[in-house]
Structures are given as structure tokens and as C-alpha cells.
Amino acid sequence: MNPTDLALQLWPAAASATAVETDWLILAFTVLTLLLTVPVFVAITWFAIRYRQGEEADRSHGNVRSVLIEISWMLIPFLLTLIFFVWGARLFFISKQVPGDAMVIEAIGRQWMWKFQHPTGQSEINDLHLPIGQPIKIRMISQDVIHNLYLPALRMQMATLPDRYTELWFKADRTGSYRLYCSEYCGTDHSKMDGNLTLMTQADYAAWLQNAGAQQGGQAGAGRVVYESYGCGACHDPGAKVRAPALAGLYGREVRLADGRTVTADETYLRDKILNPNRQKLAADYKQVMPAFRNVIPPDDLDRLVSYLKSTGATAQQEAKP
Amino acid sequence: MSAGASDSAVGVKLVSHFATVEQQKRAAVLGMWAWLLTELLLFAGLFLTALILRLLHPEAVQEAARHLKFWIGAINTVVLIGSSLTMSGAIQLSRLGWQRGMVRFMLATAALGTLFLLLKGYEYYADYQEHMMPFLSDRPYELKDSPPSRLFVNLYYVATSLHGLHLMTGITILLVMTWQASRPGFLGQHQNRIEIFGLYWHFIDLIWILAFPTLYVLNR
Amino acid sequence: MTSGTITDGPALREPHTPDSRLGHGADYLHAEHTLRSWFFTTDHKRIALLYLASITAFFVIGAVTAGLVRLALVVPDGQVFTNDTYNKLFTIHGVVMVWFFLIPSIPATFGNFLIPLMIGARDLAFPKLNLASWYVFMTGALFTLASVVLGGVDTGWTFYTPLSTAFSNTWVVPALIGVTIVGFSSILTGLNFVVTIHTMRAPGMTWFRLPIFVWTHYATSLIFLLATPVITVALILLIAERAFHIGVFDPAYGGDPVLFQHLFWFYSHPAVYIMVLPGMGVISEIVPAFAQKKLFGYKFVAYAAIGLASVTFFVWGHHMFVNGQSDFASVAFSVLSFAVAVPSAVKVYNWTATIHKGSLKLDTPMLYAMGYIGLFVLGGLTGLYLATLAINQHVHATYFVVAHFHYIMVGGTVLAFLGGLHFWWPKITGRMYIEAWGRISAFLIFIGFNVTFFPQFILGYLGMPRRYHVYPPEFQFLNILSSAGSTILAVGYLFPMVYLVYSIWFGKRAPANPWDAKGLEWTVPSPPPAHNFLTEPVAPKVPYDYPLQAQETGRQHS
């Protein structure tokens, strides 16, 4: 199921046995909550009607054993809720004991992106592809402020701290595309520090690692890191403050220039525009505001950045086709 | 308190919203204790952080603590204990209504407090000479190879300067009060102010008695 | 304490006359008229009004920013503001509402106004300190407002390191200085209350004759005294860290960023009870008055207030279950949180039992109180969800948390504040407001609140993180619903601001005791005379001495 299909959703997808059990815990707790609160709501409303001033009603009072009443209505709800404390703590401890055969994913959080590295070396940005039916441990750290990796479909989250590794583990059992977020407020683009968690069968995962995974994890993936670290997105991302041309899908397209010419956005064009954007080839309808990156960006970073821009072109075209 | 029982010149004037002098005096004492409790927790937070640092980075803290001037700290401890003694003397004399003696003891207290600040200032100056001020960006830090030592040194400055600030406030109040107390009739109306201030002064002393071992002694 | 003359107090031993106008000199509002007489007053009642005016202004700032936040969230792609603007808006909302409205709200206004009246004193123990604490409060507020004017702060009201110390490019230091200064104002207020309640009680006013309002304020003041210095030191370290890089919270020097969270929540969890306990006090006054029945389980509620204030110091770790805290610490904090949440939530049973077989008047204060009971119990019990470790792993830092604490703070504190405002308005101003308008606004607020915040429980359970400007489109419907509710809530808030102000000039004159309520504050004229009591106050033999009462056995009231 694709989560973006719906404008209203009332039940979150659960993709692991732990997630399902957490749901049962929440559901059962809700039943208890209703048992404890609905009588109060009903009683208040009923008393408000029955004992309104001027209404005929029996207001005589017998003896009330108030100590007994007080203690029982404190102790009984407390003991009942303790059941849920124990249940919750048990689940919590299970979620802390990582099986020895867990596959280890390294995650790095930084303002404002996630980088995940698979055990086979491939890495991806913001999105995460994982197999089901296999315990997975995500070992994570932050490069700057505190972030928090949140996987709602697995009912799991854990903070990434700048000074030490933290971890969470799960064993998913349902394929599909789910959300992942940063849930600890981390600055300007906190709300854009999200992506998709794709859970697939072991075979699909192996295939993904071979194909798309390898491609994404290579030069292009590293290029995305370069893109973020030079702050390109501050102007070029959709919705950025400074209006600059969108770069997704740019590669291979025809670009109309301010002087009326049209050029194809090939690799040379991209390189030129990054190193010396103010020379001649200004795109139509845009102001000349971009700083030059000659002598700023080292050659290997430039290579990575260009392959990232090329890869976004490929994705955009793929999406456009069907 | 039996203040003023033997001498009619010693006492406390009733302020209109209190019913009795006894009530007024109780309120003032309780108020100062409540304030000191708050202050104690303020410093407790700092000392706790210092102890946590020591647990986390014992070597770095010890290395940094070697640069503290132990003897200045020790002398300052004696100076402050001495000032508490003179303050107690002032309180005793105020109860007896012996105004001139009391004023002298108060001046001695203020002098000892100032001596403490002077010694502390010299200690800071020596630290500056030794490049032990890591928060100064234009002055290289002596122990730059040991980053955690910075934490301890900085915390030392936060704690001691906060204590110094309290002491400075205390000396100012004390001097103003000495000036008021030197005028005739003071003890007949406001004797309890001396007692209340005494509580505060002993408290500043107490904080130093906690700070000295936490910062200087424990880490040697 | 310097000025003043030796006096026996004003005209004692006069016959007790409950009528409001005795021609005994002017009441506190009309005793003097100059601006100076307001800004340099030491009368606790006037200082309460200074606070009331200031916190209302802060409430408006907080509410407007909340409205803008809700406006931004109508669309999922964050097109209304830039991300930075949005972040600054929710930060201002949080900082202003928590530090400048909720924490001072009930204690600084009603506490200031009523504690001396309720215990039969002429004023608080330290009237000048009381005035000073208002000035300290305003100075702190000025710093924070300065940071807003200069360009805002974007760290969230929690100021987590290292974001606040090393990464934010906004005006964090003035905001922090402001909050630190306001802390001192809280400490001074708490100190004044503790000393007043201990030493200034009228003859015969023993501890178990005190109204619950006084008990809960006593408990609140203890938290002010014991918890506030810890946040002060945490904020001082934070300021030093940001300004001089002292490194205590910086991992580059071996410091620990999570240490700040510990220090922060060591204050800020008890601070929740600073907001909650005074509200419980207000409700415990309103419910018996409008049921004309003695509060059920008086001693129990009084002890509970002190008990809650103590246990709340040991639960701060439940804010850090997923922040790398040791698992065993998490379990301990979890069970302690249950131990504090259940007793506070079941307080609603005491109020419900008080209504039982009462003689109910459903006037505005009572409507607010009933709304409070409903919302507070939901807020309290959803707190248990968050204290449950496995559930916390899912809903931590989502809209579930946002909904939960708004049920506690708006459903609890704000409704209690408004209920108290309507209850004591005749006493404070000497005027009656128009009852029908009061009831309409109480309904609007109750409905608007639920439409705004109930969908947020669902949003959180679905996994929408808090502080998200751009959010996935599947959450849009519930967000629109929430924003729609906030407009109803806004109208509900606007009404009292209009009709209450109107009543000051055009309202009917209020009698000394319009609600037939018990308590010493209702024995003096409305508004009270400058020195509170025309005759020496006589403490009642029993608190809440209403005509109806259950014969409680198993405990005696002394």
C-alpha cells in the first residue's frame, strides 16, 4: 500500500510482530482508560441533571466510609494500570535484546538527512531498503545535533546522539513502503528529514542490492551527501527561500538561456554551471545570484555531485514514463 | 529568641501587616531559610556536575586540578571561617545592645570578605598567567591536549565566580547595614536584621566549605 | 519591612457584618488612584492585578502564534511560511505559554490575591518582595520579547543542546537570560507563599482548616523553591556554553549533551505540577461551592497535593526513554510515573463524589470546572500511555505527546484559570459579568478544545512527529480538523476578554458572597478593603462548611 494515496488514515500500518503487539497493548489500555473515565463523564452529567438546584431529589446522606473509598479508588486503578506497566516493560526489554544474527545497518543522522549503509557497503540517503524475516539492527550516531530515527510502522524510535552509538532492532514481517522520520527537533529543515522505508522479501532485497542499490549507493549516493554539505538545497530545493532552478530531472533536458539560445544540460554544462555559474550560460527567467565554486569544491566531490544530479534526472524520467 | 529581654534598647519594630513582633520575626527567619534552601540547590547542581565530570574523566580533572592554587584556597577557607566567627560576634553583641562593638565586628567581617575576594582575584590572575583560561579565545590554553580538562576548569570558574558574586553582594549589604547600624536607635527597631543577615553570611561560608573540597582537595 | 508604624491593626472586635458597603473607607481598587499607587503598590491584591494584566498579554501573544502554527499546518507542504519562520513561531508559542503564562498563571494572580484573604492575613509576609517579583518577572519577559523582536529563537521551548548551543543561528542568549530571570520571580513568589502560609494564619486557622486552594499553593511553592534553582543553574551553564564554549554539554570536549536534558527535566517535570496543582486547588473551591456540599475526602486531597509535589521530583527520566538512557533507569522512571499519574488522575473521583447528592447550580465557573474534570482525566490517563515503555517507543515526540500535554495544560490549567477568574471576578472587581455570555464561552472553549486536540491523539498514533512544518499528505484531513477547532477555541477565548472588561464599568454591583460560598474571602466586601478584613477574621471550625455533607467515618476533621 502506498501511504500517500490517502488524505485520511485512521489506523497505522504495522510491519512487525512487535508492532502488532504494541497495538494490542494500546488498544487494551484504551479499553481500561474508557472504563476509568466513562463512568466519570456519565456520573457528572447524570448528577448535573439529577441534583440540579430546585430539582426534587434525595439528598440525604448516610455514613460514607471515606477512607475505604479513597484507598480503593486509588489502589484499584493503580494496580490495574500496573498490568500495562509490566506488559510495556516486557516489550521494551525484548526490543532491547538484539539477536546475535542480526544484520547491521549503520545510520548517520545530520542536519538534515539520514545516511544508511548496508553491510555489503552500499549506502542510501533518507530512504532505506530492508529485507523482512531477518532481524535487523540499526546502529546509529549523529554528526551534529541530536536526531531521532522514527519508524512508525515498526512502532520504534531511538535518538541519535553526537557522542555515542545507540541502536534499535526489529524483525519485520510485512513488505511494503512505509515512512521514516526524524522525530527529535533538529533545526530548520527538521520536517524534511524524512524518507521511505521499503521492506521487501529477501530475494528482492538481494536483487535491489545488485541493481538499484549499487547505483544509488555509489557515486550518486555520495554525491547527495556533497549536495547537502555544500548547502545547494538552500536555493535549489523546491520551496527554498531563494528562487533557483529545480535540479531534479535537469540532466539531459533542453535549457533555454537568457540570451535566447537553447542548450542541452549535459555533464559539461552541469560542471560549468557549478564551477563558474556567472559565465554566459544564464538560464532564462533567473537572476544571476549563485556563487562560483571554482577552487571551492575539490574535483572528486564535483564528480560525485554531477553523478548525483545525473541520477536525479534518471529517476525523474522513470517516473514520467509510466 | 530572647533578644531584647534584658535590654530595652534592643528589639524589632512591628510592620503593619503583621499581628505581632513574634510573627514578624518568625516570618523573616523562615524566609531567609527558604531562600538559602533555594541557593543550596543552585550550587548543588553545579557541584553535582563537577562530580559527574570527575567520574567521567578522572585523569583530565586531576591534571587540571593540579593547576589550582591549593594554598590560596586553603587560606581563603580560613579567612571565611574567620569572617563567620566575627559575624557571630556581631550577632552576639547586637543581642546585648552593644552597638559600637557590633559595628566593629561587622567591619571586620566585611574586611575579611574583601580579603577573600582579593586573594581570589590574585588566584584568577595567576591562572591567567599560566594560560589556564580556556574560555578566552585569544589566549592559548595550557592543557589543550586534554579537552575534558577544559570542562573542569570552566566549571571551576562558573562555580567560584558565582560564589564570588554572592560574597560581593554579601559585602555590599553588610556595608550598607553597618552604616545604618552605626546610627542611634537601630538596634531598638531592626535588631533581627543582623541575625537574618548572619544566616546569609554563614551560608556563603558554607558554600565555600563545600566548594573547596569538591574542587581543590578531592582532585589532588 | 522598613517603614510602618507600631499598630494594633485596624478596628478590631467589631460586629461581623457581611454586607459589602459599610462606608469603612475605600476598597483596595479605590483607595488611591495615581499610576504610582499601582506600579509601586505593595498590596497583594493590586500586585495580583498587575500579574493578571501581564499574563493576559502573554497569553494573547502565545495564542496568536499558536493560531499561526495551526494556519501553517492546514497544508501539508509548508507553503504558508518558511521552515525557519514556522520553527520560530512554535518556539515563541512554547516559551511564552510555558514560562510567561502557565507557570505564573494561577499562583501569581489568584494565589497572590486569595492566600492572605483565605488564611485571614492582612497581606503576604513580604509585600515589597512580592512587588519586586513582579518587576523581576517583567524584566525577564522584556529580555525574551527582545529576542523575538531582534529576530526570534528557533530552538523550541526545551532548548536542547547541542542545537541551542552550537547550531542555532538565532537569538538564543537573550531568550535564555529572560527565562533565567523569570525563574527568580517564581522563587520569590514561592518563598513568599511558604512563609505566609506558615506564619501569617489567623488565630484558630489550623492547617486542617485551610482551604485546598491554600494546600495546593503550598505544595506548588515547595516545587518553586526546590526545582527552580536547578533550571537556573542549567540555563546559566547553557548561556556560558553558548557564549564561552565552556564545553559541559559539548561532546567535542567530553561533555554530555544529554546531561542538559536531565537538568532540564528535573525542573520541567515538577513544573508540570506547578501548573496542575493550583488548578486542582481552584476546582476544589468551585465544585463544593456550586454543589453546596462539603468537598469529599478533604484531608486526602490535602495530603495528596503534598505527596504529588514530592513524587514528581523523581519521574523526570520518563522524558528520555528513547534518548539512550539506561534501560533499568527507564523502568524505574516508568513505574514511578505510574505512581504519580494515577493518584492525580483519580482526584476527579473526589470531585465527582462531591457533586453526588449535592444541590447543583450550573453557573459559568461550574461549567468550567466540569470541563476541567473531563479533560484533565483524559490528559492524565494518556500520560500513562506515555509512561508505558513500549508505547512510548512509538508515540514519543509525536502529536500524541502534543495532545497529551495540551489536555493537561489547556484542559487543566487554562480551564481552571478561567473557572477561577469567573468564580472570583465579583470578589476582585466588585462587579458581576453577564452569566449567559459566560456559559456560551465555556461551551465554545470546551468544544473548540476537543475538536482541536483530540485529532492530535490520532495523528500521533498514526506516527506524525511533532514540530513538523512539512508533513505527509495522509495527515492533512486531521490537521485541517484540528485547525478548524482552533478557530472555535479562539472565539471562545475572545468572548471573556470582551464581556469581563465590559463588566468592570457596566456590570451589576456584586454582593460580598454571590455564590453562597464558604471561605474567609467571601466574608469581606467585594471588592475587599485595602487591609482585607474590617473585623478580625474568625476561622471556621471545619473547612467547606456547606449545608450538605456526607458523614465521613473513619477519619475526623479537626
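This section describes the chain interfaces, one chain fold and selected residues of a predicted three-chain model.

Two pairs of chains touch, and the most contacts are between chains A and C. In this pair, 87 residues of chain A are in contact with 96 residues of chain C. The size of an interface is often given as the accessible area lost when the parts come together. For chains A and C, the buried area is about 8,000 Å². Carbon and sulfur atoms give 67% of that area. Three salt bridges were found across the interface of chain A and chain C. A salt bridge also links Asp256(C) and Arg164(A), with the closest N and O atoms 3.9 Å apart.

The other interface pairs chain C with chain B. Here 40 residues of chain C are in contact with 34 residues of chain B. The area buried between them is about 3,400 Å². Carbon and sulfur atoms contribute 72% of this area. The salt bridge count between chain C and chain B is zero. Chains A and B are joined by no contact. Their closest C-alpha atoms lie 13 Å apart.

Chain A was also examined on its own. Its secondary structure comprises six helices and 13 strands. The chain has 322 residues, of which 46% count as buried. Contacts between residues at least 6 apart in sequence were then considered. Of these contacts in chain A, 62% join residues at least 24 apart. The accessible surface of chain A is about 15,600 Å². Carbon and sulfur atoms account for 57% of that surface.

Arg150(B) is a charged residue without a salt bridge. Arg150(B) sits in helix 5 of chain B, which spans residues 147–181. The residue is buried. The nearest side chain of opposite charge is that of Asp250(C), 7.4 Å away. A salt bridge requires the nitrogen and the carboxyl oxygen to be within 4 Å. Beyond its neighbours within four places in sequence, Arg150(B) is in contact with residues of two chains. In chain B these are Pro134(B) and Tyr141(B). In chain C they are His245(C), Ile246(C) and Tyr253(C).

Leu124(C) lies in a loop of chain C, between helix 3 (83–119) and helix 4 (127–150). Leu124(C) counts as buried because its relative accessibility is 0%, and the cut-off for buried is under 20%. Residues up to four places away in sequence were left out of its contact list. The list includes His17(B) from chain B. From chain C, Leu124(C) touches His44(C), Asn112(C), Pro116(C), Asn130(C), Asn192(C), Phe193(C), Thr196(C) and Met200(C). Leu378(C) is 254 residues from Leu124(C) in sequence. The C-alpha atoms of Leu124(C) and Leu378(C) are 36 Å apart in space.

A nonpolar patch was found on the surface of chain C, with an area of about 830 Å². The patch is made by Ile434(C), Trp437(C), Ile440(C), Val501(C), Tyr502(C), Ile504(C), Trp505(C) and Phe506(C). Helix 15 (435–462) and helix 16 (476–506) each supply at least two of these residues. Helix 16 of chain C gives the largest share, five residues. Val501(C) belongs to helix 16. At 41% relative accessibility, Val501(C) counts as partly exposed, because that class lies between the cut-offs of 20% and 50%.

Terms used:
Residues numbered from 1 in each chain as written. Chains lettered and ligands numbered in written order. Predicted model: local features only at pLDDT ≥ 70, side-chain atom pairs only at ≥ 80, totals over all residues. Heavy atoms only, no water. Helix = DSSP H or I, 4+ residues; strand = E, 2+ residues; numbered from the N terminus. Buried < 20%, exposed > 50% of the residue type's maximum accessible area, 1.4 Å probe, protein only. Contact = heavy atoms within 4.5 Å. Patch = residues over 30% accessible without salt bridge, like charges linked within 9 Å, V, L, I, M, F, W, Y side chains within 5 Å. Areas by Shrake-Rupley, 256 points an atom, 1.4 Å probe, with all protein chains shown as cover. Buried area = accessible area lost by both parts, 1.4 Å probe.
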